[in-house]
Amino acid sequence: MNIYEYSNTKTNGEINMEANYRSGKSETSEKFRLKALTHLKGRTIVDVKRVTELDGLGVEFEGTLKIIFSDGHWMCPSADTEGNDGGVLFTTFEEAGTLL
């Protein structure tokens, strides 16, 4: 699977959410929300693992939570839109202490 980064680079033409957030472009934020909704709504999570060297994200991501869907796609958190480090997920699950 390819890892898609949401940035304004010419290589993929996606949306740079960090830059758009700072400039107050709420229309772009809504487009991003709808794109996320399209790709995530109705998906089934079948496994949760940790990112490894084999995933090709770099050593800074190793150990980051990787959410795997039934169709083989997966996602993991990032500290920013440039893919610097993994991170944590804030949750509403009291048993997880709100962080995973």
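How many of the five residues of β2 are buried? Five of the five are, so β2 is largely enclosed by the rest of the structure. Here are some notes to read beside the model, which is a predicted one.

1. **Overall layout.** The protein has two helices and three strands. Read along the sequence, these elements follow the pattern α-α-β-β-β, so both helices come before the strands. Of the 100 residues, 20% count as buried. That is a handy figure to keep in mind when you look at β2, where five of the five residues are buried.

2. **The sheet.** The three strands make an open sheet in the order β1-β2-β3, with antiparallel pairing. The edge strands are β1 and β3, each of which pairs on one side only. Strand β1 covers residues 45-50 and pairs with β2 over five bridges, while two bridges join β2 to β3. Both pairings run in the antiparallel sense.

3. **Who faces whom across the strands.** If you would like to trace the register by eye, a few pairs are good places to begin. Between β1 and β2, K49 stands opposite K66, and the bridge partner of R50 is L65. On the other side of β2, I68 stands opposite W74 in β3.

4. **The two faces of β2.** Side by side with those pairings, it helps to sort the residues of β2 by direction. L65, I67 and F69 point one way, and K66 and I68 point the other way. Residues on both sides are buried. K66 is a lysine in this set, and its relative accessible area is 9%; since buried means under 20%, K66 falls in that class.

5. **A salt bridge for K66.** Which residue forms a salt bridge with K66? The partner is D55, and the closest N and O atoms are 2.9 Å apart. This pair links distant parts of the chain, with D55 in the loop between β1 and β2 and K66 in strand β2, eleven residues apart. So the buried lysine of β2 has a carboxylate partner from the loop that precedes its strand.

6. **Other salt bridges.** A search of the whole structure finds four salt bridges, including the D55 and K66 pair. Another joins K49 to D47, with the closest N and O atoms 4.0 Å apart. K49 is partly exposed, with a relative accessible area of 44%, and D47 is partly exposed too, at 31%. K49 is worth a second look, as K49 also stands opposite K66 in β2.

7. **A salt bridge in helix α2.** R33 and E30 form a salt bridge, the closest N and O atoms being 2.9 Å apart. Both belong to helix α2, residues 26-40, and because they are three residues apart there, about one helical turn separates them. R33 counts as partly exposed at 42% relative accessibility, and E30 counts as partly exposed at 36%.

8. **The β2-β3 hairpin.** Strands β2 and β3 form a hairpin with four residues between them. In the turn, G72 has a positive phi of about 95 degrees. H73 lies in this loop, between β2 (65-69) and β3 (74-75). Is H73 buried or partly exposed? H73 is partly exposed, with a relative accessible area of 36%. H73 and I45 are 28 residues apart in sequence, yet their C-alpha atoms are 9.8 Å apart in space.

9. **A negative patch on the surface.** E53, E60, E62 and D85 form a negative surface patch. One of its members, E60, is found in the loop between β1 and β2 and counts as partly exposed at 39% relative accessibility. Another member, D85, comes from the segment after β3 and counts as partly exposed at 41%.

10. **A backbone detail at D85.** While you are at the patch, please check the backbone of D85 as well. Its phi is near 70 degrees, a positive value in a residue other than glycine. The other positive phi mentioned in these notes belongs to a glycine, G72 in the hairpin turn.

Note on methods
Residues are numbered from 1 along each chain as its sequence is written. This is a predicted model: local features need pLDDT of at least 70, side-chain atom pairs count only at pLDDT 80 or more; totals for chains, interfaces and linings use all residues. Side-chain values use heavy atoms; hydrogens and water are left out. Buried means under 20% relative accessible area, exposed over 50%, partly exposed in between (1.4 Å probe, protein chains only). Two strands pair if DSSP finds at least two bridges between them. A salt bridge is a side-chain nitrogen of Lys or Arg within 4 Å of a carboxyl oxygen of Asp or Glu. Patches are made of residues with over 30% relative accessible area and no salt bridge: like charges are joined within 9 Å, nonpolar side chains (Val, Leu, Ile, Met, Phe, Trp, Tyr) within 5 Å. Accessible areas come from the Shrake-Rupley method with a 1.4 Å probe; for residues, only the protein chains shown count as cover. Lys and Arg count as positive and Asp and Glu as negative; His and the chain ends are not counted. The place of a charge is taken as NZ of Lys, CZ of Arg, CG of Asp or CD of Glu.
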